[in-house]
Amino acid sequence: MSTIRIIGREDIQKVFTVTAALRAVESAYAGKSAGTGSVWPMVFHEFDPGHADLDIKSGDLASAGVYGLKVVSWYDSNAEKALPALFGTSLLFDLATGKPKALLNAGPITALRTGAAAAVGAKYLARKGAKTLTIVGCGELCPYLAAAALAAIPSINTVYLTNPHRPEKAAERLAAVTEATDALLKACAQTRTATIAAAADTAAAVGAGDIVFTATCSKTPVVKSAWVKPGTHLSCIGADLPGKQEVESAVLSGAVVYGDDTAQCFAAGECELPHKDGVLPALAGEIGELILGNKAGRTSETEITVFDSTGIALQDIASAAIILKACEKQDLGTVCEI
């Protein structure tokens, strides 16, 4: 008899916190660079171009003894059917036998690990003692980005929210983002001390940021080179498919740029178009190399640094492995015969 554990949103939220996500993401990046984890080619398919698509990210993580995949589908017409536009599902398998181990709702995992990815980039590339974080984009990821940054970088004392396409959205979302950020921190026994504020002027907010996170769906740069002060770190989250770009190429051309996966960054990340245009011939390295101490990262207080986070399967696999272990220990989820 073989069994699989099905783990839904409610049980995931009981065991997977911001700090757990930070640990998972760091271990995933380190495993990739150490050769104990590998990323397999991404699959992207459009059912109806611009309206319905899916992507599949997969890989193996020997340090956790598993391989796995995540399927994310997007249908923009789902709102008319009272359904979410996005569905995410993760599968985890035993690396030694191929036995299915777990089926998980990938939604809450993705949000936490994406926020953690931006924070890990800042942890290793921002100036020491960075005090101000600016988040460009006030969507659903915003509180996860804020909470992860505050958990990973205790020196941050101010978080600015700004929305480039609809400036008033920052003020509209402020209360909800603040409440959600506090709830995420409370779940891992932390209390926010930083101030969270709305900023109507994106240029001024970016200029004030020691750290800037971009989390939009833009295909046209929303952060201009002239706004970015020397010494700033940027973690770019939104460019996850070909053609997206949030930051002017001139920012990257003069910066120290790291990615999560070089090939993926050049195929579908923030680096894609600057690389194709010849202004970014190569990355300084991958973030896992910094975590392992094999790269220097930032070498001066005035350097601009960039982390291109395209999202790799190992983040999801490492997260799912942590969740599965906790759920087995606490007897959470539903075990089914297969």
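**View 1. The β3–β4 hairpin in the predicted model.** Strands β3 and β4 form a hairpin with 3 residues between them. In the turn, G50 has a positive phi of about 85°. The pairing of β3 (residues 43-48) with β4 (residues 52-61) is antiparallel and extends over 5 bridges. One of the residues in these strands, V43, has I56 of β4 as its bridge partner.

**View 2. Helix α2 and the residue just after it.** Helix α2 covers residues 18-34. Its 17 residues should span 24 Å at 1.5 Å a residue, and because the end C-alpha atoms lie 24 Å apart, the expected and modelled spans agree. The helix is mostly covered, with 12 of its 17 residues buried. Among them are the alanines A20, A21, A24, A28 and A30. The buried set also includes E26, Y29 and K32. Just after α2, G35 adopts a positive phi of about 85°.

**View 3. The parallel open sheet.** The sheet contains 8 strands in the order β10-β9-β8-β11-β12-β15-β13-β14, and it is open, with parallel pairing. Its edge strands are β10 (195-198) and β14 (285-286), each of which pairs on one side only. Within the sheet, β12 (residues 233-236) runs parallel to β15 (residues 305-308), and 4 bridges join the two strands. H233 has T305 in β15 as its bridge partner.

**View 4. Helices α3 and α5 packed on the sheet.** Helix α3 packs on the sheet and touches β11 (211-214), β12, β13 (256-259) and β15. The direction of α3 makes about 155° with that of β12. Helix α5 (residues 169-187) also packs on the sheet, touching β9 (158-162) and β10. For α5, the angle with the direction of β10 is about 160°.

**View 5. Length, burial and start of helix α3.** Helix α3 runs over residues 106-125. At 1.5 Å a residue, its 20 residues should span 28 Å; the distance of 28 Å between its end C-alpha atoms therefore agrees with expectation. Of the 20 residues of α3, 16 are buried, so the helix is mostly covered. At the start of α3, a side-chain oxygen of N105 comes to within 2.9 Å of the backbone nitrogen of G107.

**View 6. Surroundings of E272 in helix α9.** E272 lies in α9, which comprises residues 272-276. Its relative accessibility is 2%, so E272 counts as buried. The side chain of E272 makes a polar contact with the side chain of K276, at 2.9 Å. In an α-helix, residues three or four places apart point the same way because there are 3.6 residues a turn. Apart from neighbours within four places in sequence, E272 is in contact with L241, P242, G243, K244, C265, F266 and A267.

**View 7. Cysteines C271 and C336.** With the cut-off for a disulfide set at 2.5 Å between cysteine sulfur atoms, the count is 0 disulfides. C271 is in no disulfide, and its nearest cysteine sulfur, that of C265, is 5.1 Å away. C336 is likewise in no disulfide; here the nearest cysteine sulfur belongs to C327 and is 14 Å away. C271 has a relative accessible area of 0% and is therefore buried. C336 has a relative accessible area of 26% and is therefore partly exposed.

Notes. Residues are numbered from 1 along each chain as its sequence is written. This is a predicted model: local features need pLDDT of at least 70, side-chain atom pairs count only at pLDDT 80 or more; totals for chains, interfaces and linings use all residues. Side-chain values use heavy atoms; hydrogens and water are left out. Buried means under 20% relative accessible area, exposed over 50%, partly exposed in between (1.4 Å probe, protein chains only). A polar contact is a pair of N or O atoms within 3.5 Å; within protein, one must be able to donate a hydrogen and the other to accept it, and residues adjacent in sequence count only if both atoms are side-chain atoms. Contact means heavy atoms within 4.5 Å. The expected span of a helix is 1.5 Å times one less than its number of residues. Two strands pair if DSSP finds at least two bridges between them. Axes are lines fitted to C-alpha atoms, for helices over the stretch in contact, and angles run from 0 to 180 degrees between N-to-C directions.
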